[in-house]
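The following note sets out points on the structure shown below, for use at the bench. Each point treats one topic.

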Amino acid sequence: MRYSKRGLVLLGALTVLLLIGSIPAAAQSGEEDKAIGIGLLAVGAGLAVGLGAVGTGIAQSQIGPAVLAATAEDPKMFGKGLMVIAIPETAVIFGMVISLMLMFLTLSQI
Amino acid sequence: MLRTKPMVHMTVVAPKKVMKPVVEELERLHLVHLEDFKDLPMGEPFEEAGTLSDHLVKVRTSMKGLKLTPPEGTKVPEDEIEKDLDSIVKEIEVRVVKVHEEVTRLEAQRREYLKKIDELRCLEHFPLSLEDYRGYRTLSVFVGSVEHIPRIDVRHEMFYEKYGRGYFLALFVEKENSDEVAEALVKAGFREFKVPEGSGTPSEMIRSYSGQIEEIDKRLKDLQAELEKNSRRYRDVIFAAEEYLTARVEVAEAPLRFGVSRHAFAFRGWMPKERADYVKERIMKAARGMAYIEFGDGDEPPPVAYDNPKVFRAFQLFTDLMGRPDPREVDPTMVLALGLPVFFGFMLGDIGYGLVILAMLYSGLMDRILDYLGFTGSKPSIKKVLKISSYTTLIFGFLFNEFFGFELFATSHASGEIVVVLPGVHYPEFELFGTHFPYLRLENVMPSIALSLWIGIFHMTLGYVFGFVNVQRTHGVKHAVLEKGSWLMVLWGGVIMLYPVTRSWFGHEMNMAMVWTGLAILIAGMLIAVKAEGAAGILHLPSLFSNVVSYARLVSVGLASVGLAFAFNAMALDMAEGGGALGYLIAGLVLAAGHTLNTVLGIMEPTIQGLRLHYVEQFMKFYDGMGRYYIPFGVERRYTA
C-alpha cells in the first residue's frame, strides 16, 4: 500500500508548528507557564492516542482483508482471525492509557 | 460445566438381516456419532436410496426457489408423510416446483424482451426497417455509437441521432471503401451495435414486444399469486417432507459407513456415556437380541459434545468460533457466559441503550437485522446473549446513573454540567466496597482504569489456572508447573512489584519490601519459564504486560460511548436553546441520528471488544480448541411428529 508522502510531511509539519507556535509566547509569568504546560500536555495526550490509532489502522487495514478472505474459505478461522486483527490494537491501547494518564494523573497534579 | 460430556466408544456386530431395523433405530435415537468402519468391505446403500434422493432433490429445489421461512410450532405427523410420500412429492412438484419453474422461465423471457426493446429504441428514429440493414452485395453497413460525427470523404448515406454524450449512427458505404471508413469511425470512438434480427420497422417490433411483455406480466401475476397461495398451503408439508426424506436418505446410505461381510455387518460410533445403557438396550431390541455390542475407549479421541446448563448454552456459539474444546480440555463456555455480559454491561453501562436493545429484541427488529446480516442460523443464540447483556447494561447503567449520556436520577453530587432526566426522583445513593454509588464514569477515570486492570489480572489468572489444569490432564503436574505455573508467578510477581509503585503516584509511600518480594517472584517465575520454553520465553514478558494493559479498553470503550452521547446531547441542547421551532427540529434530528449511531456502536463495540478480551487475553493462555464436533447420526425432528 502507498501512502501520500506529502500528506505525512504536512501532518508532521503542522504538529511541529503547533508545538513551536505555542512556546515563544511563554516564559513570561508562572501562571502562563502553567497554562502552556497544560496545553502541551493536552496536545501530547491527543498525539499519543491519535498516532497510536493511525499505526493500528495501517496495520489492521492489511490484516483485515486477509482475515476476511481466510474466514470466507473456512468460517472456523473467525476466532483466530479476530485474534490476529487484535494484535496491533496494543499500539492504540497503550497510547490511550498514556493519554488518560496525562489527562487525569499528571494534569491533576499540576 | 467446565468439562465436556464424557463419551464412550461402541462397536456393534449383528447379522445382516437385522441391518435395516438397527439403522432405523439408530436414526430415531439420534445419539450415536458414527465412524467409518474400515476393517471390513464397505456396505451398499439400501435399494430405496436412489428414489428417496430424487424426492429429496425435488423438495429441496422447491424450498430453495421459494425462499420459504420455516414454520414455527406446527408439526406434521410422520406417518402421514410416510403413507402418502409419492403423492405428496408429486403434488409439491406440480403445484410448487413446476409453477416456480414457469415463473422463472417467464421472468427470463421478459428480461430478454426488455433488452430487445432497449436495442430497438436506438434504431427507432431512423426511417428504415430492420431488413434494410442487411443483405447487400455491394454495400457495407456500420451501425453503432460514436463520440462525434466522423468526416467521411467517400460516397455514403448516413443517419444519426443524439445518443448520450455522442451520437448513434447508421452508415452505408460502398464495400471497397469500407476499410477507410472503418478507420475514420474508430477514430471517432465507434462502438458497434448488433442490429436485432427480424423484419418490419423498429417501432412496430417495439409495439409487438411490449404487447408480449404485457401478456407475460398478466400471466406472471396469476402464477405468482398461485405460487404464493401454494407455498403458504404447502409450507408445513414441504419442511416436514424435507426433514423426513433427509432422515430416510441418511438411513438408506448408512451402510456405506458400515463394514459388511457375507452374513453380518458391523459399525462403530461414539455416544455420551450416560446414554450407553439405553442405546445398547434399544439396539438389542431392534436386532431381536442378535447383536454383539462392546464398549471401550476407542483408538482416536472422541468427538466432543458440550455439557452446559441451559442458561450458558447460547454462549457455546462463541466457544465454537475458537473451535470445539478437545475432550481433555476445560470447556471455557461458562467463563464466556459470565464474562461477556459483565464486560458488555460495564462498557455500555447506560439504562437508555439497555432499554433500546431490549426493545429491538422484543419488537422483532433484531431478528430482521440478524437475518439481513446473514446470521439466520445462529440467531437464537445471538439474541439470547444480547438479552442477557442488555440486562447487565441496565444494572451497570443504574450503578453509573446514565441515560443516553444524561444523568437519570437527581443526586447530591449534581455538578450542573450534565442534564438530569428525572430531577424529581432521587438516586438511592449508597456505599459499597468503599465506593460511592452512583459511580460517575467521567469523573472517576483513573480508578476505573485501575479497576479494569484488576479485572484483567484476575481474568488472566483464571486463564492460567485453566491452562494449568489442561497441561496437568495431558502431561502431568510437573509440566503444568513449568508451562503455566511459571507465568502465573511472573504475572503475580509483576502485580506485587508494581502495585506499590502505582500507589506512590497518588502520594502513598512506596513499600519497598513488596517491590523486592514481587521482583523475586517474577524472576523465579521467569527462570522456570526459560527452563521450560528456552530463552525465547523472555519474549513473552512484554506481551504479558500488554495483555494486562489491554483490559483498559473496558474503560475506554465505555468512555467513548458516554463521550459520544454527551457530545450529541450538548449539540442538541445548544440548538434547542437558540433556534426556536427549527432549532427544536434540528435538535431532535441530531439526537435521533446521534443516538442511533451510538446504539449501533454500543452493540458492536462491547461485543467485539468483550470477545477479544476473552479470545486473545484469556483463551491464549489455555485454549487449543482442536476438538471434533459430535454429530449424532439421524435428524433432529423439528417439523415432523
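1. In this predicted model, I81(B) has a relative accessibility of 0% and therefore counts as buried, the cut-off being under 20%. The residue belongs to helix α3 of chain B, which covers residues 78-83.

2. The surroundings of I81(B) draw on several parts of the sequence. Leaving aside neighbours within four places in sequence, I81(B) is in contact with V76(B), I88(B), A240(B), A241(B), Y244(B) and T640(B). For one of these residues, A241(B), a C-alpha separation is available: 6.6 Å from I81(B), although the two positions lie 160 residues apart along the chain.

3. A second topic is the sheet of chain B. Four strands form an open sheet in the order β4-β5-β3-β6, and their pairing is antiparallel. The edges are occupied by β4 (156-163) and β6 (191-192), each of which pairs on one side only.

4. Within this sheet, β4(B) and β5(B), the latter spanning residues 166-174, run antiparallel and are joined by eight bridges. One residue pair may serve for orientation when viewing the model: Y160(B) has L169(B) in β5(B) as its bridge partner.

5. Strand β5 also takes part in an aromatic contact. Over all chains, the whole structure holds 35 aromatic pairs. One pair is formed by Y136(B) and F172(B): the ring centres are 6.2 Å apart and the planes stand at 90°, so the arrangement is edge-to-face. This pair links distant parts of the chain, with Y136(B) in the loop between α4 (85-123) and β3 (139-146) and F172(B) in strand β5, 36 residues apart.

6. Are the two partners buried or exposed? F172(B) counts as buried because its relative accessibility is 9%, under the 20% cut-off. Y136(B), at 33%, falls between the limits of 20% and 50% and so counts as partly exposed.

7. The two rings also belong to a wider group. Ring pairs join Y136(B) and F172(B) with F126(B), Y133(B), F159(B), Y163(B), F168(B) and F193(B) in a cluster.

8. Lysine side chains are placed over aromatic rings at two sites described here. The charged end of K20(B) sits over the ring of F46(B), at 5.4 Å from the ring centre. K162(B) lies over the face of Y167(B), with a distance of 4.7 Å to the centre of that ring.

Technical notes:
Residues numbered from 1 in each chain as written. Chains lettered and ligands numbered in written order. Predicted model: local features only at pLDDT ≥ 70, side-chain atom pairs only at ≥ 80, totals over all residues. Heavy atoms only, no water. Pairing = 2+ DSSP bridges. Helix = DSSP H or I, 4+ residues; strand = E, 2+ residues; numbered from the N terminus. Phe/Tyr/Trp six-rings, centres within 6.5 Å; stacked < 30°, edge-to-face > 60°. Buried < 20%, exposed > 50% of the residue type's maximum accessible area, 1.4 Å probe, protein only. Lys NZ or Arg CZ within 6 Å of the ring centre and 35° of its normal. Contact = heavy atoms within 4.5 Å.
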